[in-house]
Amino acid sequence: MNHFMIADNLVRLRHAKKITQEQLATFVGVTKASVSKWETGQSTPDISLLPLLAAFFDITIDSLIGYQPQLSKEQIQKLYQDFAAEFADSPFEEVMEKTNDYVKQYYSCYPFLFQIGILWLNHYTMAPDKNRQEEILLSLCKLCSHISQESNDRNMAKDAIVLQAIAHVQLGNAQEAIELLEDLENPFSLANQSGDILIKAYLTAGKTKQAKQSLQLNMFQAVLSLVGNATTYLALHTQNLSMCETTIRRISPVIEAYELNVLNPNSVAVFSYQAAICYALHSDASKTLAYIEQYVSCLANLFATKTLQLHGDSYFDHLEDWFLQMANGSNPPRNRATVLKDAKLSLEHPAFAFLKDNPAYETYKRRLSVLN
C-alpha cells in the first residue's frame, strides 16, 4: 500500500507556485503527460527526479512525498481506532496485512509500534486457526523485542517487555515470560515506591492538584488490579469451592464500595462471569444464575453508551486528564462491535451446559442477544 501523498502534494505545491503542468515538466525534463499522471496517481516520479523536484519547490524529499517517520499521538490514536473498527467489519487477514504494511512504514515510530502490538494482542484470537494465532503472537514478540532494544524511552522499552511477556504466556512459553519479568517485578526495587515518593514530593512542593490526581490514579489502579487478581484467583481455585466463596465474599464489598458496576462495569463483568463458572462447576444452579444475572447487568451498563470509554466518577474526579494522556486516550483496546460480538457468545461456555432449558438462563441469553 502506498501511504505517500506525492500526488496531492505536487498539485498543491504547483498551484501555490502558480505554474502549469507544462512548466513543471519543462524544468524537470519530462513530458506534460508524465506530470499529469503523477498528479492523478497513475504513476510516480522516478526516484532520480525526487531531489530535483524537491529543490524546485524548496522543500525536503520527505515533505515532497509526504513521508513522516514519526506519527503524532493523535494520529496513532486514530489509526488504532480505525484498525480496531476494521477488525470488527473486514476480513481478518486483510486488516492484518494492512497493519503489517504500516509497521514497515513506521518501523522507527516506537509508540506506534507498541500500539500495534496491543492491537494484535487484543485481536489475534480472531485468526482462523491456532497456527495463525501463534504466528501473530510470535510476530508480536519480535516487534516488542525491536522496541525494547531500539527505543530510547525507558518506559516504552519496559512496556514492550511486559507486552512481550504477555504474548509468551499466551504461547505457553512460561519460562520466557518469567525471565523477562522477574527483574522488572522485583518487589524490593525502589522503583516500585516511586509513586508514593512522587506524591510526597508534590505535597512538599505545594502542588496539591497533582498530588490528588496521582493519589486517585494509584487508588483507581489498585482497586482494578485487586478485582482483576481476584478474578484470576477464582480461576485458579475453581475446584476449591470454599476458597472461591471466600474470595467472592471479600471482593464483593470492594466492588460495591467503589461502585465499580458503574465506574468500570467491564472489570465487574469479568469477575462475575468467573464466579458464575466456579459455581457452575459445582452444579449450584441458584448461585450460578445469580452471578450470570450480575454479569449480564454489567454488560448492559457497559453497552449503554455508543462508546466504551474509560471515565471517572464523583469520587475519582481527577482522572480525566490522565485518561487523555494515555497513548490511546480513553478509548478501549478493542472496538465496541468486537467486544459485543464476543459478549453475545459468552454464555455458551461448556460449564453452563447443565442450565440448558432453564428459563432464567435462557432469559439472560436473550438479554445478551439484544444488546446493541
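Is Glu-259 buried or exposed? Glu-259 is exposed, because its relative accessible area is 52% and exposed means over 50%. The notes below come back to this residue. Keep in mind throughout that this is a predicted model.

1. **Overall make-up.** Start with the helices. The chain has 20 of them. It has zero strands.

2. **Overall size.** Compare the chain with a compact globule of 372 residues. Such a globule would have a radius of gyration near 21 Å. The chain has 26 Å. Along the principal axes, the C-alpha atoms fill a box of roughly 85 × 60 × 40 Å.

3. **Inside and outside.** Of the 372 residues, 40% count as buried. The chain exposes about 20700 Å². Carbon and sulfur atoms supply 53% of that area.

4. **Contacts along the sequence.** Take the contacts between residues at least 6 apart in sequence. Of these, 65% join residues at least 24 apart.

5. **Charges.** The chain carries 31 positive and 39 negative charges. Their mean positions are 5 Å apart. Side chains of opposite charge can pair when their charged atoms come close. The structure holds seven salt bridges. Points 6 to 8 look at some of them.

6. **Arg-14 and Glu-39.** These two form a salt bridge, with the closest N and O atoms 2.6 Å apart. Where do they sit? Arg-14 is in helix H1 (residues 6-17) and Glu-39 is in helix H3 (residues 32-40), so the pair ties together parts that are 25 residues apart in sequence. Both Arg-14 and Glu-39 are buried.
   Now look at Gln-21, which touches both partners. Gln-21 is in helix H2 (residues 21-28). Its other contacts are Lys-32, Val-35 and Ser-36, not counting residues up to four places away in sequence. Is Gln-21 buried or exposed? Gln-21 is buried, because its relative accessible area is 17% and buried means under 20%.

7. **Arg-132 and Glu-135.** Here the salt bridge lies within one helix. The side chains of Glu-135 and Arg-132 meet at 3.2 Å, N to O. The two residues are three apart in helix H9 (residues 130-150), so about one helical turn separates them. What about their exposure? Arg-132 is buried, at a relative accessible area of 18%. Glu-135 is partly exposed, at 43%. This pair also belongs to a network of salt bridges that links Glu-93, Arg-132 and Glu-135.

8. **Lys-287 and Glu-245.** In this salt bridge, the closest N and O atoms are 3.0 Å apart. Lys-287 lies in helix H17 (residues 285-302) and Glu-245 in helix H14 (residues 241-257), so the pair ties together parts that are 42 residues apart in sequence. Both partners are partly exposed: Lys-287 has 35% relative accessibility, and Glu-245 has 25%.

9. **A buried threonine.** Find Thr-99 in helix H7 (residues 92-105). Why does Thr-99 count as buried? Thr-99 is buried because its relative accessible area is 0%. Which residues does Thr-99 contact, leaving aside its neighbours within four places in sequence? They are Phe-83, Ile-116, Leu-119 and Trp-120.

10. **Back to Glu-259.** Most residues other than glycine have a negative phi. Glu-259 is not a glycine, yet its phi is positive, about 50 degrees. Glu-259 lies in the loop between H14 and helix H15 (260-263). Recall that Glu-259 is exposed.

11. **Ser-283.** Where is Ser-283 placed? Ser-283 is in the loop between helix H16 (265-281) and H17. Its phi is near 60 degrees, a positive value in a residue other than glycine. Ser-283 is exposed, with a relative accessible area of 55%.

12. **What to look at again.** Turn to the structure and find three places. In one, the salt bridge of Arg-14 and Glu-39 ties H1 to H3. In another, Arg-132 and Glu-135 sit in H9, linked in a network with Glu-93. Then find Glu-259 in its loop between H14 and H15.

Key: Residues numbered from 1 in each chain as written. Predicted model: local features only at pLDDT ≥ 70, side-chain atom pairs only at ≥ 80, totals over all residues. Heavy atoms only, no water. Helix = DSSP H or I, 4+ residues; strand = E, 2+ residues; numbered from the N terminus. Rg over C-alpha atoms; globule rule 2.2 N^0.38 Å. Buried < 20%, exposed > 50% of the residue type's maximum accessible area, 1.4 Å probe, protein only. Contact = heavy atoms within 4.5 Å. Areas by Shrake-Rupley, 256 points an atom, 1.4 Å probe, with all protein chains shown as cover. Lys, Arg positive; Asp, Glu negative; His and termini not counted. Charge placed at Lys NZ, Arg CZ, Asp CG, Glu CD. Salt bridge = Lys/Arg side-chain N within 4 Å of Asp/Glu carboxyl O.
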